[in-house]
Amino acid sequence: MSKVAVVLGLNYGDEGKGKVSTFLAGNSDIALRCTGGNNAGHTVEFNGEKIVFHLIPSGILNKNTDAVIGNGVVIDPKVLFEELEVLDKHGVDLSKLHISTRAHVIFPYHIEEDKLQELLKGDDKVGTTARGIGPCYMDKANRIGFRVIDMYNEDFERKLRRNITNKNKLFDLYGFPLLDENKIVDEYLEYRDKMKPYVMDTVSFLHKALDNNKNIICEGAQATMLDMDLGDYPMVTSSNPTIGGIQTGSGLSANDITDVYGVCKAYASRVGEGPFITEQNNEIGDTIRELGHEYGATTKRPRRCGWIDLVALKYAVRINGVTGLAINHLDTIGKLGKAKLCVGYKLNNVIYDEYSDDIIGHENEVETIYVDLNTEFEIAGLKDYESLPIDAKKYIEVIENHLCVPVKFIGTGPDNDDMIIR
Ligand code: GDP
Ligand code: IMO
Ligand code: MG
């Protein structure tokens, strides 16, 4: 029987999905990305080397694992080829990469539009990664986007010139520099040729793989609270990083999925604007940031840090149907000495143990109910749960009891092997 394991972020991203996915790829024939684009930054420390993946599933590092960029992903070809170059230097067999004919393509005008939209929002800006992700998905929904397959159509150049002309009218209106039409056309005709060996009908490829009892690992990008429908709209990304996005972004069915691993940290972080109920915008947050090296893998921005929020996590667990949790950075929280875990919100005398839409717009009024725990422990190098100090076990068990889901993976350091498997 084939297995399809999904790795999803439960908070605001950067939970350590890359590390968990690479680890699970060890037992997988195919590693798959289904959503988002190079707004993602997945850090992997593998055999002593640190690699940051933006587009390609990190499981490609595993010798026997093929990698698929699914139809729900948006691809910036420039970033794709930069990433392939890095992997080539690491001796990765690039012929293992397969790119969906249906994935959408990011163009330079998307990146400029991303910057323009943010500027126009003024104080209401989202704090995007400025990678053109939102505008590319906008064009997809507006039916003026280009799928990879459309680049090989005889109409491609005409339609691309049409889009650039129209986008330049918009940039002109707002005093933005105009884009060089011929340069973009030439660049993308070149990318199209370079991309060709990788392009295939990945939906059929995945279906055939399942028919042949292959195992698949789906590497989620972004996270539940950044979901366009179920997250903190409008402070979200422009895709569905939750479980539904895995299906629409790959062509796998709900029935194919056998395991859903939800990833979070022993604390919480957010990069970009938007609500963050357990944020510690103070010395504690600064200490967590330094201990956990919480700086963006994509934009290098300092991440906002705070306590683990079990109320939001309960919501994320329910939405995604999480069957097992991965909790990273238990080593980091162990350096803090003491920590708080948010187990409830109080708003207008009502107590919530799971996130609710009642909270929307009242994030600043919510009173947080915390459990305090001692977190003074050194766990680097520990490999089995039983060897963990009692306070570390207690931390895990409070999370497990609140969320009613078993903790299967515990991160004890940044390296791929720094993990306790339960
Ligand atoms: P992703 O986007 O979810 O893949 O996560 P990122 O790579 O953006 O951020 C996670 C960061 O935490 C990376 O720098 C990882 O190397 C690091 N990391 C992951 N797990 C652990 C852990 O258990 N302990 C420590 N100290 N670092 C970890
Ligand atoms: P990984 O996969 C953390 C955030 C941005 C911004 C919002 C919208 O590494 O966990 P976008 O560029 O997508 O339009 O930005 O979403 N964001 C992420 N934050 N990790 C990510 O990916 C993110 N991808 C997008 O900071 O707040
Ligand atoms: Mg990241």
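The points below go through selected local features of this predicted model, from its ligand and metal sites to its strands, one helix and some unusual backbone geometry.

1. The surroundings of ligand 1. There are 19 residues around ligand 1, and those that come nearest are Gly 16, Lys 17, Thr 43, His 329 and Asp 331. Polar contacts to oxygen atoms of the ligand involve backbone as well as side-chain atoms: a backbone N or O atom of Lys 17 lies 2.7 Å from an oxygen atom of ligand 1, and a polar backbone atom of Gly 18 is 2.9 Å from an oxygen atom of this ligand. Lys 19 contributes through its side chain, where an N or O atom is 3.2 Å from an oxygen atom of ligand 1.

2. The magnesium ion. Ligand 3 is a magnesium ion whose protein donors are Asp 14, through OD, and Gly 41, through its O atom, at 2.1 to 2.2 Å. These two residues are 27 residues apart and link distant parts of the chain, with Asp 14 in the loop between β1 (4-9) and α1 (17-25) and Gly 41 in the loop between β2 (30-33) and β3 (42-46). When judging this site, please keep in mind that water is not among the atoms, so the site may look incomplete.

3. Exposure of the two donors. Asp 14 has a relative accessibility of 22%, and because buried means under 20%, this residue counts as partly exposed. Gly 41, in contrast, has a relative accessibility of 10% and therefore counts as buried.

4. Strand β11. All of this strand lies inside: 7 of the 7 residues of β11 (residues 259-265) are buried, so the strand is largely enclosed by the rest of the structure. Asp 259, Tyr 261, Val 263 and Lys 265 point one way from β11, while Val 260, Gly 262 and Cys 264 point the other way, and the burial holds for both sets. This is the pattern one would look for, because in a regular strand the side chains alternate between the two faces of the sheet.

5. The pairing of β11. Strands β1 and β11 run parallel and are joined by 5 bridges, and within this pairing Gly 9 has Val 263 of β11 as its bridge partner. Strand β11 also pairs with β14 in the parallel sense, again over 5 bridges. Two of the bridge partners in β14 can be named here, namely Leu 325 for Gly 262 and Gly 324 for Tyr 261.

6. Strand β14. Here 5 of the 5 residues are buried, so β14 too is largely enclosed by the rest of the structure. Gly 324, Ala 326 and Asn 328 point one way from the strand, whereas Leu 325 and Ile 327 point the other way, and all are buried. Besides its pairing with β11, β14 pairs in the parallel sense with strand β18 (residues 407-411) over 3 bridges, and in β18 the bridge partner of Ala 326 is Phe 409.

7. Helix α6. This helix, residues 181-195, has 15 residues and spans 21 Å from its first C-alpha to its last, close to the 21 Å expected at 1.5 Å a residue. Its buried residues are Ile 184, Val 185, Tyr 188, Tyr 191 and Met 195. These residues cover an arc of only 130° around the axis, which puts them on the same side of α6. The face turned away from that buried side carries the exposed residues Lys 183, Glu 190 and Asp 193. At the N-terminal end, Asp 180 caps the helix, with a side-chain oxygen 3.3 Å from the backbone nitrogen of Asn 182.

8. Two histidines with positive phi. His 329 is not a glycine, yet it has a positive phi of about 65°; it sits in the loop between β14 (324-328) and α11 (330-333), and its relative accessible area of 22% makes it partly exposed. As noted in the first point, His 329 is also among the residues that come nearest to ligand 1. His 293 likewise has a positive phi, of about 50°, without being a glycine, and its place is in the loop between α9 (283-292) and β13 (304-309). At 62% relative accessibility, His 293 counts as exposed.

9. A cis peptide bond. Tyr 233 and Pro 234 are joined by a cis peptide bond with omega of about 10°. Pro 234 belongs to the loop between β10 (216-219) and α8 (243-248).

Conventions. Residues numbered from 1 in each chain as written. Chains lettered and ligands numbered in written order. Predicted model: local features only at pLDDT ≥ 70, side-chain atom pairs only at ≥ 80, totals over all residues. Heavy atoms only, no water. Donors = N, O, S within 2.8 Å, 3.2 Å for Na, K, Ca; no water. Helix = DSSP H or I, 4+ residues; strand = E, 2+ residues; numbered from the N terminus. Buried < 20%, exposed > 50% of the residue type's maximum accessible area, 1.4 Å probe, protein only. Pairing = 2+ DSSP bridges. Expected span 1.5 Å × (residues − 1). Arc of directions from axis to C-beta. Polar contact = N/O pair within 3.5 Å; in protein donor to acceptor, adjacent residues only side chain to side chain. Near = heavy atom within 4 Å.
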